[in-house]
Amino acid sequence: MSELARGDLRVRELVALLGQPQNLVSYHLRQLRAAGLVTARRSSFDGRDSYYHLNLERCAQGLAETGAALHPALRSAPGPASSVAHPPVTTLLFLCTGNSGRSPIAEALISRHSTAPDAPRIEVTSAGSHPKPHMHPGAVHVMRNRYGIDIAGQRPRHLDTMTGRRFDYVITLCDKVREVTPALGTRQAHWSIPDPAALTADGEDSYPAFEQAAAEIDIRIRHLLPVLGSRPGRDPS
């Protein structure tokens with residue numbers, strides 16, 4: 001669960017990280033899935049593979065319920081405010097294939113969340129391995145109508161424009177781009193989120209697919225922010 005809390009992983013990756021037999025890892029994954037703590041999603045890059053994702057919202061709910069059941073004083077409460085007057089800036093790069101949907105949605109949402117007074121200071125950008133000419137209309141629509149953010153004027157960026165830059169975190173949101181991402185960050189994580197454009201048939205309204213993708217990205221970002229706030233920024237050297 002600790003490994004999955006950092007990002008989505010395949011069974012063989014968990015086996016290598018844990019140093020345990022595959023049948024044992026698979027057994028525990030089945031138990032976690034049965035409890036609703038872990039979900040599995042077929043890879044869009046290789047359909048024979050599956051990415052496992054830890055449902056942090058369900059984990060938080062379960063931990064809160066456990067504490068409250070043990071003693072009323074253990075009900076969840078907000079933690080103390082950070083004592084750092086000027087926390088370091090964390091640099092973050094989101095990647096997907098076309099940079100016209102998932103990654104610009106993630107970029108816009110984390111930019112919005114990081115404006116809160118207690119939020120970590122974040123410098124975020126996004127790019128794609130095969131950028132589209134324009135933002136996808138479904139992404140523009142859901143961001144404008146659901147979140148009040150206008151990304152219509154943003155142009156997709158190519159991954160090559162990030163060459164030579166180093167980021168504290170690089171997060172891939174696409175199974176395909178994960179396989180071609182160079183080492184651009186100190187810490188890398190993967191969020192296996194299906195392409196909402198690919199889930200929409202020709203002539204079909206893409207809004208529901210983009211709304212679902214944006215909602216999942218928003219949940220993941222809200223759980224990412226405390227992690228970013230607890231890690232130091234880049235070494236200025």
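## The largest pocket

In this predicted model, the lining of the largest pocket is a mix of 13 nonpolar, 8 polar and 10 charged residues. The space inside the largest pocket comes to about 770 Å³. If you want to find its centre in the structure above, look for Leu-4, Ala-5, Arg-6, Gly-7 and Trp-191, which are the closest to it among the 31 lining residues.

Several helices and strands each give two or more residues to this lining: α1 (2-6), β1 (38-42), β2 (50-54), α4 (56-70), β5 (167-172), β6 (185-190) and α8 (207-230). The biggest share comes from α8, with 6 residues.

## Helix α8

Let's follow α8 along its length. The helix has 24 residues, and at 1.5 Å a residue they should span 34 Å; the C-alpha atoms at its two ends lie 35 Å apart, so the expected and modelled spans agree.

Where does α8 have a kink? The kink is at Leu-224, shortly before the proline Pro-226, and amounts to about 25 degrees.

## The open sheet

Strands of a sheet can pair in parallel or antiparallel fashion, through backbone hydrogen bonds. Here, 4 strands make up an open sheet with parallel pairing, and their order is β4-β3-β5-β6. Because β4 (122-128) and β6 are the edge strands, each with a single partner, one side of each has no neighbour in the sheet. From one strand to the next, the twist averages 20 degrees.

Now to the pairing of β5 with β6: these two strands run in the parallel sense and are joined over 5 bridges. One residue to look up is Phe-167, whose bridge partner in β6 is Gly-185. Both β5 and β6 also appear among the elements that line the largest pocket.

Key:
Residues numbered from 1 in each chain as written. Predicted model: local features only at pLDDT ≥ 70, side-chain atom pairs only at ≥ 80, totals over all residues. Heavy atoms only, no water. 1 Å grid on protein atoms, 1.4 Å probe; cavity = no way out; pocket = protein on both sides within 12 Å on 5 of 7 lines; lining within 4 Å. Points joined across faces, edges and corners; volume = space filled by probe spheres on them. Nonpolar A, V, L, I, M, F, W, Y, C, P; charged D, E, K, R; others polar. Expected span 1.5 Å × (residues − 1). Bend = angle between axes of the 7 residues up to and from the residue. Pairing = 2+ DSSP bridges. Axes fitted to C-alpha atoms, helices over the stretch in contact; angles between N-to-C directions.
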